[in-house]
Amino acid sequence: MKKKLNLSKAAPWLSAIGLFVLWELIVRIFNIPPYVLPTPSESIIVGWQFHEAIWMHAVHTLYTTLAGFAIAVVFGVVLGALVGSSRAIYDAANPLLVGFNSVPKVALVPVLVMWFGIGTVPAIITAFLISFFPIVVNVATGLATLEPELRDVLRSLGATRRDILVKVGFPRAMPYFFASLKVAITLAFVGSVISETVASNVGVGYLMLSASSKFNMPLVFAGLLVIAVMGIAMYEIFNVIERRSTKWANRGNQNI
Amino acid sequence: MTAVSKSFVELNNVRLRYSEGDELALETTNMKIDKGEFIAVVGPSGCGKSSLLKLVSGLMPPSEGNVIVDNKEVSGPLKIVGMAFQNPTLLPWRTTLDNVLLPMEIVKPHRNRLRKHRAEYEERARKLLASVGLQGHEDKYPWELSGGMQQRASLCRSLIHEPDLLMLDEPFGALDAFTREELWDILQNLWMVRPFTVILVTHDLREAAYLADTIYVMSKRPGKILVARENTLPRPRDQETTFTQPFTDLVHELRSHIRDVRES
């Protein structure tokens with residue numbers, strides 16, 4: 001039992017190390033030049049050489065991402081509550097939301113730059129635009145899938161729409177909400193880095209762009225690794241929050 | 001027939017279509033239920049038994065005719081009805097006790113008193129839970145309870161605010177035979193202690209014969225009441241009752257009505 005537990009704890013590390021080893025071997029065996037694909041060891045070494053610059057840019061990207069994400073959470077919850085609690089609003093908003101979500105956000109960055117100039121603001125907005133959709137959809141789904149019998153029980157007690165929303169709708173939507181946060185935070189990184197790459201002079205996206213213009217591929221890959229690590233860290237944080245706050249929804253998975 | 005009636009629930013020439021132009025779901029129906037009467041509605045599935053509950057509780061308006069409860073015509077959801085379904089629909093994030101207290105957070109005047117008099121209400125809920133054999137399980141979550149225990153808790157939730165009208169839609173349908181019969185006794189006891197008007201929808205004829213004062217047999221769709229059979233078996237009824245001749249005769253009679261319905 002104890003051994004099994006250790007193995008499942010070690011599994012993510014083993015798979016990550018395995019990937020790096022495989023990557024390293026492929027590059028060495030096929031003699032791939034570093035300006036095409038650098039080895040992971042080289043990327044990490046270069047990343048360490050530039051760690052002060054990377055740290056500065058990474059903190060900036062993290063800050064931008066979280067700001068956009070925070071706006072997305074507020075906006076997503078409000079819009080999700082509206083869409084999920086009224087059929088009419090759902091019908092009205094759904095095609096707009098789907099249409100909007102289908103627009104590649106990278107195409108919006110030039111527009112945002114025209115409005116707000118180069119820098120942090122378009123990156124925050126891009127992070128927000130790309131990450132609010134899953135929150136809206138999940139909150140709305142959680143609210144809209146209330147069992148009809150339960151609704152009848154409450155209505156025949158004289159419950160108002162608001163009562164039903166507060167007593168049953170929101171608690172019931174919590175697992176959906178937290179699940180969407182995990183998706184949204186990783187998307188927010190995509191948004192902020194895209195915007196930094198196109199129009200910024202600070203952030204990991206900018207760092208990678210300037211490194212690639214100098215053919216410093218190991219530094220580009222170091223940037224990619226930093227983004228991945230930040231994404232995993234934030235995902236895990238929301239994973240823990242989710243499991244703590246909605247224990248009742250995960251009752252079947254206790255031994256996994 | 002006098003203009004003023006003493007019936008608690010009355011259906012007058014009620015017809016129901018789910019939407020305009022649809023065929024009838026419920027054919028002209030008349031019903032009178034006394035205060036404190038326990039009635040059962042039996043019939044083939046899809047005959048509109050559940051619609052009958054929704055009509056009486058005001059969750060669905062009749063297409064024609066009217067429904068009168070407590071001398072007032074029903075025009076929207078009644079605000080005092082207790083309901084329980086085959087699916088216990090307990091809230092998984094609440095303990096059993098908090099689930100039972102849910103109606104108190106909604107029904108007036110309790111919702112305004114609950115915060116201040118929490119202890120008093122909890123005591124009341126604990127007493128009710130104990131009366132259905134759930135003492136010691138108050139702080140468990142619904143998913144820690146068996147199906148029968150969940151259904152007991154659901155029954156408590158439907159009764160905690162002491163409604164005058166209780167609607168039961170096949171509440172014991174998903175339970176095993178032993179648990180089901182145990183719950184018949186529990187329900188009968190609760191009802192005998194404080195008589196409330198009960199409308200029980202079921203497809204179990206023995207259940208109807210065990211619990212009800214009057215049994216209505218409905219036809220297949222469009223639903224229509226074919227027979228209203230009074231059940232004068234003495235109370236309290238118990239396991240022994242179910243082996244007596246009058247009980248089995250009654251069940252046989254109901255069965256033959258249902259057979260006629262299905263063959264017609």
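**Strand pairing, packing and contacts in a predicted complex**

Me: Ile68(B) stands opposite Glu73(B) in E5(B); how do you know that strand E4 of chain B is joined to E5(B)?

Reply: This is a predicted model, in which local features need pLDDT of at least 70, side-chain atom pairs count only at pLDDT 80 or more, and totals for chains, interfaces and linings use all residues. Residues are numbered from 1 along each chain as its sequence is written, with chains lettered from A and ligands numbered from 1 in the order in which they are written. Strand E4 (residues 64-69) and E5(B) are joined by 2 bridges and run antiparallel, so they pair under the rule that DSSP finds at least two bridges between two strands. Strands are DSSP runs of E of at least two residues, and helices are runs of H or I of at least four, both numbered from the N terminus.

Me: Why are E2 and E5 of chain B said to stand at the edges of the sheet?

Reply: The open sheet of 4 strands in chain B has the order E2-E1-E4-E5, with antiparallel pairing. Strand E2 (26-33) and strand E5 (72-73) each have a single partner strand, so one side of each is left without a neighbour in the sheet.

Me: Which strands of chain B does helix H1 lie across, and at what angle does H1 run to E1(B)?

Reply: Helix H1 (residues 49-56) of chain B lies across strand E1 (9-16), E2 and E4, and runs at about 120 degrees to E1(B), where the angle, from 0 to 180 degrees, is taken between the N-to-C directions of axes fitted to C-alpha atoms, for helices over the stretch in contact.

Me: What makes residues of helix H9 of chain A buried?

Reply: In H9 (residues 204-213), Val204(A), Gly205(A), Tyr206(A), Leu207(A), Met208(A) and Ala211(A) are buried, because each meets the cut-off of 20 or more other C-beta atoms, placed from the backbone, within 10 Å of its own (exposed is 12 or fewer, partly exposed in between). These residues pack against helix H3 (51-85), helix H8 (161-198) and helix H10 (217-245) of chain A. Beyond the helix, H9(A) is followed by Phe215(A), whose phi is positive, near 55 degrees.

Me: How many residues does each chain give to the contact, and how is the side of chain B divided by class?

Reply: The contact takes 21 residues from chain B and 17 residues from chain A, counted where C-beta atoms lie within 7 Å. The side of chain B that touches chain A divides into 15 nonpolar, 3 polar and 3 charged residues, with Ala, Val, Leu, Ile, Met, Phe, Trp, Tyr, Cys and Pro as nonpolar, Asp, Glu, Lys and Arg as charged, and the others, Gly among them, as polar. The predictor gives the complex an ipTM of 0.82 and a pTM of 0.78.

How values were computed. Contact = placed C-beta atoms within 7 Å.
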